[in-house]
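This report takes the reader through one structure, part by part. Please keep the sequence and the 3D view at hand while reading.

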Protein chains: 2
Amino acid sequence: MQLTLKNTLDMHIHLREGDILDSVIHFSAKAFSAALAMPNLSSPIINTQMALDYKNRILNAINNSNDHNTQTNTQNNIESIKDSNQNIASNAKSNKYSFTPIMSLYITHNLTKDELIKAKENDIKILKLYPKGSTTGSENGVSEILDKKTLEIFSIAEELGFILSIHGESNGFSMDREFEFGEIFEKIARDFPKLKIIMEHLSDRRSIDLLGKYSNLFATLTLHHITFSLDNVLGSGLNPHYFCKPILKSPKDRDALLELALSANPKASFGSDSAPHLETNKLKVNGSAGIFSAPILLQKLCEIFEKHNKLENLQSFVSDNALNIYDLKDIPNKTITLIKKDSKVPSVVKTNLGDIIPLFAGENLSWDFKY
Amino acid sequence: MQLTLKNTLDMHIHLREGDILDSVIHFSAKAFSAALAMPNLSSPIINTQMALDYKNRILNAINNSNDHNTQTNTQNNIESIKDSNQNIASNAKSNKYSFTPIMSLYITHNLTKDELIKAKENDIKILKLYPKGSTTGSENGVSEILDKKTLEIFSIAEELGFILSIHGESNGFSMDREFEFGEIFEKIARDFPKLKIIMEHLSDRRSIDLLGKYSNLFATLTLHHITFSLDNVLGSGLNPHYFCKPILKSPKDRDALLELALSANPKASFGSDSAPHLETNKLKVNGSAGIFSAPILLQKLCEIFEKHNKLENLQSFVSDNALNIYDLKDIPNKTITLIKKDSKVPSVVKTNLGDIIPLFAGENLSWDFKY
C-alpha cells in the first residue's frame, strides 16, 4: 500500500537557528512542500528584514543539512540510519527537495503600518501573537492581549489582509488556559470579521465549537495533541519528552481533536509545532517545553489515518485545508509518496550542541517515505 | 512568637532502607513523636516478622543518622547546616528525640488470618492497600481491588479491629484517578461499617464530601497537596521535584484541601507522604514520583497555619486527630517547640548513594525548631 500526497504543509514548525537548524531542517525539507517557520527565535523575527534574512538562513541550512548525523540504536549498536537522502544538498532545488519556508512576523508593540505594508510587499502575510510568558520564546510577546496598540495592529492587519496566528493561552491553571482564552478569540473574531484568525495547536475539546461559530476562526492541530494525553507526561513515571505547551490534556480532549483531524474539517489544518530542544534542556529542573516530532510526522499521520480508515482525508488535513485557509497557491508543486513499510525512528538526532531526542525515538513505524 | 506542639504525628512517611534511611530518618525523628512507616519497600513488608525487623532497622538508623551531611547553599558556598541536633544518636532514647515508628503491613493475597492475628499481638494494626501500578513500589499490590480474597482480608481486618489505609486511585486519566476510586471507597465503607478506612493523601476536592458521608471514612493530607497545584509541576518549565502521586491537581483542589486541613476537621490528619528519591532518578525519562518534604514539614505547617490565622488548629491537624482516628494512646509523650525565626532549607541532602533534593531546597522558612 502506498499514498501520494501533494503539496504537504506544516503550518507551525520551530526550525531554530545555527547548529540546530542545520541538524533538523532536512526532516521538514524532505517531508513538506512548505512550512510556516515560527518567529520566536532568541531575537524574535519582528520585521521584514529579519524575516527575509531568516528565510535565507533556512534555505542555506538545507545545503548545510547534516542529516548523516541521524542515528538509530539497533541491537545495542549505534548505526548510521540508512537514508537515501544524502544528496539533499545537491537536490535542494530539484522538485523532490524543493522546500518553501513560509515566514511570519512576531507581533510586538513596535510593529508599524509601514512595516506591515513592507511585509506584504515581500509576501509575508502571517502575524504571530504570543501572550507574554505563555511558552518558549514568548518573553517579548504582548502582556495585555487587547490593549489599544495591539488592537490597532489587528485593525491594520485586517485592512491589509494579514492572517493572525495566536498561541491562545491565559495565565490561569494549565489545564484551563486555552479554554479561558476562548473569549479573547471570540472577541477578536467578532471585532475584526475580515481578519482570518488561527487558533494554534488546539489542545482542549472545548475550543472546537468556536470553529463552527465564527467564519473567520480556524485552527491548527499538532500530531501530539491528537495522539497523546497528559498521562503520557505523568501517568506513570515522568516523561519530559512529552512536556509541551499547551500542555497535553485529557484522553477525551485528545479523542475529540483526533476526530476533528480525521474528519477533513476545512477549518483545521496541520501544524506540527515540532520543537527541538537539547536533551540536557529537557531533563532538568525548569525543563523546556516542546516535542520534537519533525522526523516522523507524515509517517505517523499515515499510520493514524490508516488505523481509522480515513487515509482519503489525509490530503485535506495535511495540505488542501491550509492551501485554502492561508491562500498558498504560489507554493511550487511537490509530491511525496509514502509506503506501508516498517521503519525505525532514530533514537537521537545529533547536533554540534548536543543530542535531541525525537518523538517515538527508537520505536518502529509502519509507514516510510518511498524514495 | 513560638508554638509548642505535643505528640506530633506524621501518618504517612517513606523512610526507605539502608543509606537512604540513614540519611533521612533524623528529620522525622526530630520533628515527630511517631510516624507511620510505609511498607512499600523493594521487598514489601508483607508480614509481622518483616515489620518488626523493619522497625528495628529504623530505630538503629536513628543511631546511625548522618544528619551532619545536610548541606545548605549560601552565597555560593556549601556550608554545613548549623544543626544543634548533632547529638541525636546519644539522645535517641531521651524524651527530646524519642521517636516511635508505627508499622503497617502491605496487603497481598497471601495475607492470612493467622498472620493478621500475629500482627495484632505485636501492636501492628494498620494495613496498606496499593492498587497495582498506582505508584512507586505498588507492583506487588492487588490488581482487582474488590476480588474475593481481598474482601476476605477486609472482613478479617474488620473483625480484628485493623485500620485499612488505601492509596485510592483508579487506572484512568491521572486527573480523575482519585475521583474514580471514590465509588470503591464508598463500597468498602458501606460493606465494612466497623472497619476504619483511611483515604490516603487526598488530592481531589471531589473526595472531601465522602468524609461527611461515612462515619468510618477518614483522610490524610500531605503538605504538598494543600500547598501546590499541577502548575508547580508544569505551569512554566517542567519541575520533576514536584512530580508525585496522586498528581497535584488544580488550584481549586489545593485550596479546598487546605481549608480542610486548617479547619481541624477531626476526619483529617496529617501524613506527609515525604518520599526521598535520588536526584538522578527524578531528572530522567520515567522519573520517580515523590516529593521529599521531611526536612521542612512542621516549619512550613507553622507558616501556613499562621498565614491563615489558624495556628490554634495545628495541634489537631498534626496530632490530636490522628491520635483519635488511629487510637495511638500508647505513644510516649513528646513535645516540640517551634519559633518564628528565619531558617534556610538545605539545598541538598547527601547520601552514600547520591543527592536528594528536598522540597523548598535553598529557600527561606520563617519558622524553625527551638532547641
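How many residues does the largest nonpolar core have, and which residues have the most contacts inside it?

## The nonpolar core

The model discussed here is a predicted one, and its largest nonpolar core has 208 residues. The residues with the most contacts inside that core are A37(A), L164(A) and I197(A), together with A37(B), L164(B) and I197(B).

One of these residues, L164(B), can be followed into its surroundings. When residues up to four places away in sequence are not counted, L164(B) touches L127(B), L129(B), F154(B) and A157(B), and it also touches the run of L195(B), K196(B), I197(B) and I198(B). I197(B), itself among the residues with the most contacts inside the core, is thus one of the residues that L164(B) touches.

## Chain A and a buried phenylalanine

Chain A has 371 residues, of which 51% count as buried, and it contains twelve helices and 16 strands. If one takes the contacts in chain A with a separation of 6 or more, 73% of them are accounted for by residues 24 or more positions apart.

F218(A) offers an example in this chain, and it is found in strand β11, which covers residues 217-221 of chain A. Is F218(A) buried or exposed? It is buried, because 26 other C-beta atoms lie within 10 Å, and a residue counts as buried if there are 20 or more. Leaving aside its neighbours within four places in sequence, F218(A) is in contact with K196(A), I197(A), I198(A), K267(A) and I325(A). The C-alpha atoms of F218(A) and A322(A) are separated by 9.8 Å, although these residues are 104 residues apart along the chain.

## How the two chains are related

Two copies of a chain are related by a rotation about an axis and a shift along it. Here, chain B can be laid on chain A by a turn of 180° and a shift of 0.0 Å along the axis, with an RMSD of 0.0 Å, and the two copies are therefore related as by a two-fold rotation axis. In chain B, the C-alpha nearest this axis belongs to L283(B), at 2.7 Å from it. The same surface serves both copies, since 100% of the contact residues of chain B recur in chain A.

The contact between the chains takes 23 residues from chain B and 23 residues from chain A. On the side of chain B that touches chain A, helix α8 (residues 230-234) of chain B gives the most, with three residues. The residues of that side divide into eleven nonpolar, ten polar and two charged.

## Two helices and a loop in chain B

Two packed helices are described by the angle between their axes and the distance between the axes. In chain B, the axes of helix α4 (residues 113-121) and helix α5 (residues 148-160) come within 10 Å and cross at roughly 30°, and the crossing of α4(B) and α5(B) is right-handed. Where they meet, α4(B) brings K113(B), L116(B), I117(B) and K120(B), while α5(B) brings I156(B), A157(B) and L160(B). The residues of this contact divide into five nonpolar, no polar and two charged.

E139(B) lies in the loop between β8 (126-129) and α5 of chain B. With 13 C-beta neighbours inside 10 Å, E139(B) counts as partly exposed. Its C-alpha atom and that of K120(B), a residue 19 positions apart from it along the chain, are separated by 26 Å.

## Backbone details

Most residues other than glycine have a negative phi, and most peptide bonds are trans. Against this background, the cis peptide bond that joins K245(A) and P246(A) deserves a look, with omega about -10°; P246(A) is found in the loop between α8 (230-234) and α9 (251-262) of chain A. In chain B, a cis peptide bond joins K245(B) and P246(B), where omega is about -10°, and P246(B) is found in the loop between α8 and α9 of chain B.

A264(A) has a phi near 60°, which is a positive value in a residue other than glycine. This residue has its place in the loop between α9 and β12 (268-270) of chain A, and it is partly exposed, with 17 other C-beta atoms within 10 Å. In chain B, phi of A264(B) is near 60°, and A264(B) lies in the loop between α9 and β12 of chain B.

Technical notes. Residues are numbered from 1 along each chain as its sequence is written. Chains are lettered from A and ligands numbered from 1 in the order in which they are written. This is a predicted model: local features need pLDDT of at least 70, side-chain atom pairs count only at pLDDT 80 or more; totals for chains, interfaces and linings use all residues. A nonpolar core is a set of buried Ala, Val, Leu, Ile, Met, Phe, Trp, Tyr and Cys residues joined through C-beta atoms within 7 Å. A residue is buried if 20 or more other C-beta atoms lie within 10 Å of its own, exposed if 12 or fewer, and partly exposed in between; C-beta atoms are placed from the backbone. Two residues are in contact if their C-beta atoms, placed from the backbone, lie within 7 Å. Copies are superposed by least squares on the C-alpha atoms of residues with pLDDT of at least 70 in both. Axes are lines fitted to C-alpha atoms, for helices over the stretch in contact, and angles run from 0 to 180 degrees between N-to-C directions. Helices (H or I, at least four residues) and strands (E, at least two) are DSSP runs, numbered from the N terminus. A crossing is left-handed if the near helix is turned anticlockwise from the far one by less than a right angle, and right-handed if clockwise. Ala, Val, Leu, Ile, Met, Phe, Trp, Tyr, Cys and Pro count as nonpolar, Asp, Glu, Lys and Arg as charged, and the others, Gly among them, as polar.
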